[in-house]
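This report describes a single protein chain, from its overall architecture to the surroundings of one helix. The chain is shown below.

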Amino acid sequence: MRKRLKYRNIPIIANGIKFDSKAEHKRFTELELLQKEGKIFNLEMQKDFELQPSFQDNQGEKRRSIKYIADFVYKENEAIIVEDLKSKITAEDSTYIIKKKMLLWLFKREEEYVNYQFKEVIK
């Protein structure tokens, strides 16, 4: 018996690429078409951003870094778009909301991210 996934998404593999859901695969196909048309450039999948580095706490225990993994990153005009595809349920997940807020803070605070924009697509 297959384990039921938390958000009832159905992972798929298409052209050797693993997608977390059918909706993510569909969006990737749309973005690929936009790239072929020259409307976007440098399409990447599953790009991670370090929100907090790993560290050793006062008791000497190592704490892992906190990362935000974006579904897609691409260049559109002069902006670098960090896009995440979410269902209504996952968009309300408290961990996602906190990490999104930390990502937006990173974009505002760090000069290297001055051209970055966040785009949330609700499907």
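What percentage of the 123 residues of the chain count as buried? The value is 30%. It refers to a predicted model, as does everything that follows.

## Overall architecture

The chain contains three helices and eight strands. Read from the N terminus, these elements follow the order β-β-α-β-β-β-β-β-α-α-β. Along the principal axes, the C-alpha atoms fill a box of roughly 50 × 50 × 25 Å.

The accessible surface of the chain is about 9,200 Å², and carbon and sulfur atoms contribute 49% of that area. Among contacts with a separation of 6 or more, 51% join residues that are 24 or more positions apart.

## Nonpolar cores

In soluble globular proteins, nonpolar side chains tend to be buried together. In this chain, the largest nonpolar core comprises 13 residues. Phe 49, Tyr 68, Val 82, Leu 103 and Phe 107 have the most contacts inside this core. The elements E3, E6, H3 and E8 each give two or more residues to the core, and H3 provides the largest share, with four. A second, separate core holds ten residues, including Phe 28, Leu 31, Ile 40 and Ala 79.

The surroundings of Phe 49 can be listed in detail. When neighbours within four places in sequence are left aside, the contacts of Phe 49 include Ile 66, Tyr 68, Ala 70, Val 73 and Val 82. Leu 103, Leu 106 and Phe 107 are also among the contacts of Phe 49, and these three residues are buried residues of H3.

## Helix H3

Helix H3 covers residues 94–109. At 1.5 Å a residue, its 16 residues should span 22 Å, and the C-alpha atoms at its ends are indeed 22 Å apart, so the expected and computed spans agree.

Which residues of H3 are buried? They are Tyr 96, Lys 100, Leu 103, Leu 106 and Phe 107. Viewed down the axis of H3, these residues fall within an arc of 115° and therefore line one face of the helix. An α-helix has 3.6 residues a turn, so residues three or four places apart point the same way. The face of H3 turned away from the buried side carries the exposed residues Ser 94, Ile 98, Lys 101, Lys 108 and Arg 109. The cover over the buried residues of H3 includes strands E3 (41–52), E6 (66–76), E7 (79–86) and E8 (116–122), together with helix H2 (88–91).

## The N-terminal end of H3

Asp 93 is placed in the loop between H2 and H3 and caps the N-terminal end of H3. One of its side-chain oxygens lies 3.2 Å from the backbone nitrogen of Thr 95. The side chain of Asp 93 also reaches the backbone nitrogen of Tyr 96, at 3.1 Å.

## Ser 87 and its surroundings

Ser 87 is located in the loop between E7 and H2. Is Ser 87 buried or partly exposed? Its relative accessible area is 27%, and because buried means under 20% and exposed over 50%, Ser 87 is partly exposed.

Apart from neighbours within four places in sequence, Ser 87 is in contact with Ile 122 and Lys 123. Ser 87 and Arg 109 are separated by 22 residues in sequence, and their C-alpha atoms are 28 Å apart in space.

Terms used
Residues are numbered from 1 along each chain as its sequence is written. This is a predicted model: local features need pLDDT of at least 70, side-chain atom pairs count only at pLDDT 80 or more; totals for chains, interfaces and linings use all residues. Side-chain values use heavy atoms; hydrogens and water are left out. The expected span of a helix is 1.5 Å times one less than its number of residues. Buried means under 20% relative accessible area, exposed over 50%, partly exposed in between (1.4 Å probe, protein chains only). The arc is that of the directions from the helix axis to the C-beta atoms. Contact means heavy atoms within 4.5 Å. A polar contact is a pair of N or O atoms within 3.5 Å; within protein, one must be able to donate a hydrogen and the other to accept it, and residues adjacent in sequence count only if both atoms are side-chain atoms. Accessible areas come from the Shrake-Rupley method with a 1.4 Å probe; for residues, only the protein chains shown count as cover. A nonpolar core is a set of buried Ala, Val, Leu, Ile, Met, Phe, Trp, Tyr and Cys residues joined through side-chain atoms within 4.5 Å.
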